[in-house]
Amino acid sequence: MTAPVATSDVARAFGDETAVDGVDLEVRNGEIHAIVGLNGAGKTTLMRLLLGMLRPDRGRATVMGFDALDAPSSVWRDVGHLIEQPFAYPELTVRENLRASAVLHALSPPALDADVEDAIEMFELGKWADRRAGTLSLGNRQRLGLASALVHRPQIVILDEPANALDPAGIVFIRDLLQRLAGNDAVVLVSSHHFDQLARVADTITVMHRGRVVGSLDPGGVDLEQRFFDLVHRADLAWGANRR
Amino acid sequence: MTASLRVEWWKLRRSRVVLVATALMGLLLPGMGLGFYSVALNGGTGGLAGKAGALLIGEGWVGYLGFVDQISAVALFLGSGVVVAWMFGREHADRTFPALFALPVSRGAIAGAKFVVLTVWLAALTLLVGLVALVLGLAAGVGPVDAALITELLRLLGIGITAGMLALTMGLVASIGRGYLAAIGAMSVIVAAAQVAVLFGTGGWFPFAVPGLLAIAGSEGAPELTAVQVALIPGLTMAGVWATIVWWRRAEVV
């Protein structure tokens, strides 16, 4: 059976620049799957392919067995994502942004109001609930973006660098959040630069480099960062040899 | 589409761009019209009075609303165009565009909802300009409530509708340009091109010049405007709306 989130030989280039090149990936329920890589490794492009934001040049990116480009609305009802910028319209208050996200995710009253208030409490946004998002600090905007992505309690969660702009307490919060989501049998795909954070929460760590999967890391192992650079270095050597 | 309509309405209602544009156009256009009319009536041949006098197309409501019409023909297109460009371009400028993917609501529905709330706003803006113009004119004693007033108010309504429809086409430019600056640049070029088209006597066939021609239609020396030429505007608008929705359905996050 196909995993809820999967790619098969998926590839995408921008002009001459290959961003993702033949990636196979499977993320299952209850799993926290982390993707790590240097800047430009293809992590964000892979997530965009999975969310229907890009058309693959080759291969497939599927969510619940449907091609991401034409998945029905019933599939997206169960998906929450945060790619790069948070869902935070500067002219709307925190509460209004959350209501907007909830409405767009097909929630309706009275569940909508209860879920919005729950998200405000869970993401510790109560103090800023009636402030315009444009006046928030970067960290609180990120919290709002995460709350907007999760306000409808999705079963599939795709987060690109969710710890961006967060303070150490926020990073601990994210770690706990990811574990809670996976504990509720959600599918969690996350990219991150924080190896310590990944070591504590991820079930699977996939390493991407130059658009390809170049290996995986054992989250329980020691010195993740060193092993990551070893994989990247070996991939670079192989890439150089192939070019010659 | 109900969900996207609600969200787009919240965004429009809270926007400072929309608030400022509504206030400026609603108050300034009739105010400027009355100012020019007063200057023109008070005579003089030099400077502003001379220029205003040359543009005066009649007395009473015809003269006063004639000024409001001529100013509104350009200003309503530009001002409304800025709001339309903001509605579509801000998703790129504020980088909220990716958040509109992978939702139960399609991006085509979101673009459609933007057009619906913009159409309601444009209609309200046109009515506001007409109402303020009426109140200002009555307060200034421009003339009694008569048939000329009704005719000129209907002409102002026609200018508001046509300028507003043309402004909606800026949604496509802002979408393709992935920001509002492209549309603002396009509007500058369009206004200049409309002037040139009118100078060469072909303005009627250039839809963006039609609101300006409507403002002076029927006055001495004004070029004739045919129904076919006016009908080009809804055609162009519908094509623009359709193309914008198709763009939103097919666009990628790049």
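Two strands are taken as paired if DSSP finds at least two bridges between them. With that criterion I began with the strands of chain A, noting that the model is predicted.

**Entry 1. The four-stranded sheet of chain A**

I looked up the strand order and found an open sheet of four strands, E2-E1-E4-E5 in chain A, with antiparallel pairing. I recorded strand E2 (17–27) and strand E5 (66–67) of chain A as the edge strands, each of which pairs on one side only.

I then went through the pairs. E1(A) and E2(A) run antiparallel and are joined by eight bridges. Within this pair, I found Arg12(A) opposite Val20(A) in E2(A). The connection is a hairpin, with two residues between E1(A) and E2(A). I checked the turn and noted a positive phi of about 65° at Gly15(A).

On pairing with E4(A), E1(A) shows five bridges in the antiparallel sense. Here Ala6(A) has Thr62(A) in E4(A) as its bridge partner. Strand E4 (residues 58–63) of chain A also pairs with E5(A), again antiparallel, over two bridges. I noted that Thr62(A) stands opposite Asp67(A) in E5(A). Thr62(A) therefore appears twice in my notes, and two bridges meet the cut-off for a pair.I next asked which strands helix H1 (residues 43–50) of chain A lies across. The helix lies across strand E1 (5–14), E2 and E4 of chain A, and runs at about 120° to E1(A).

**Entry 2. The six-stranded sheet of chain A**

I turned to the other sheet listed for this chain, an open sheet of six strands in the order E6-E7-E8-E3-E9-E10 (chain A), with mixed pairing. Its edge strands are strand E6 (79–82) and strand E10 (212–217) of chain A, each pairing on one side only. I noted an average twist of 15° from one strand to the next.

For one parallel pair I took strand E3 (residues 32–36) and strand E8 (residues 187–191) of chain A, which are joined over four bridges. In this pair Ile35(A) stands opposite Ser191(A) in E8(A).

I then looked up helices on this sheet. Helix H6 (residues 168–183) of chain A packs on the sheet and touches E3, E7 and E8 of chain A. The direction of H6(A) makes about 150° with that of E8(A). Helix H5 (residues 138–150) of chain A lies across E6 and strand E7 (156–160) of chain A, at about 165° to E6(A).

**Entry 3. Helix packing in chain B**

In chain B I followed the partners of helix H5 (residues 107–139), starting with helix H1 (residues 2–14), and found that their axes come within 8 Å and cross at roughly 50°. That angle makes H1(B) oblique to H5(B). The crossing of H1(B) past H5(B) is right-handed.

I listed the residues in contact. From H1(B) they are Ser4(B), Leu5(B), Glu8(B), Trp9(B) and Leu12(B). On H5(B) they include Ala109(B), Ile110(B), Ala113(B), Lys114(B) and Trp121(B). By class, I recorded nine nonpolar, one polar and two charged residues in the contact of H1(B) with H5(B).

How closely do the axes of helix H2 (residues 16–41) of chain B and H5(B) come, and at what angle do they cross? I found that they come within 9 Å and cross at roughly 35°. H2(B), too, passes H5(B) in a right-handed crossing. The H2(B) side includes Val18(B), Thr22(B), Met25(B), Gly26(B), Leu29(B), Pro30(B) and Leu34(B). Among their partners in H5(B) are Trp121(B), Leu125(B), Leu128(B), Val132(B) and Leu136(B). I noted 13 nonpolar, four polar and no charged residues in the contact of H2(B) with H5(B). Trp121(B) is listed in the contact with H1(B) and also in the contact with H2(B).

**Entry 4. The contact between the chains**

I looked up the contact of chain B with chain A and found 20 residues from chain B and 25 residues from chain A. H1(B) supplies the largest share of the chain B side, six residues. By class, the chain B side divides into eleven nonpolar, two polar and seven charged residues. H1(B) thus entered my notes both for its crossing with H5(B) and for its share of the chain B side that touches chain A.

**Entry 5. Confidence**

I closed with the scores of this predicted model, ipTM 0.93 and pTM 0.93. Chain B averages a pLDDT of 93, and 98% of its residues score at least 70. Which elements of chain B have the lowest and the highest mean pLDDT? Helix H3 (residues 47–55) of chain B has the lowest, 73, and helix H7 (residues 170–176) of chain B the highest, 98.

Methods
Residues are numbered from 1 along each chain as its sequence is written. Chains are lettered from A and ligands numbered from 1 in the order in which they are written. This is a predicted model: local features need pLDDT of at least 70, side-chain atom pairs count only at pLDDT 80 or more; totals for chains, interfaces and linings use all residues. Axes are lines fitted to C-alpha atoms, for helices over the stretch in contact, and angles run from 0 to 180 degrees between N-to-C directions. Angles under 35 degrees count as roughly parallel, over 145 as roughly antiparallel, 65 to 115 as roughly perpendicular and the rest as oblique. A crossing is left-handed if the near helix is turned anticlockwise from the far one by less than a right angle, and right-handed if clockwise. Two residues are in contact if their C-beta atoms, placed from the backbone, lie within 7 Å. Ala, Val, Leu, Ile, Met, Phe, Trp, Tyr, Cys and Pro count as nonpolar, Asp, Glu, Lys and Arg as charged, and the others, Gly among them, as polar. pLDDT is the predictor's confidence in each residue, from 0 to 100.
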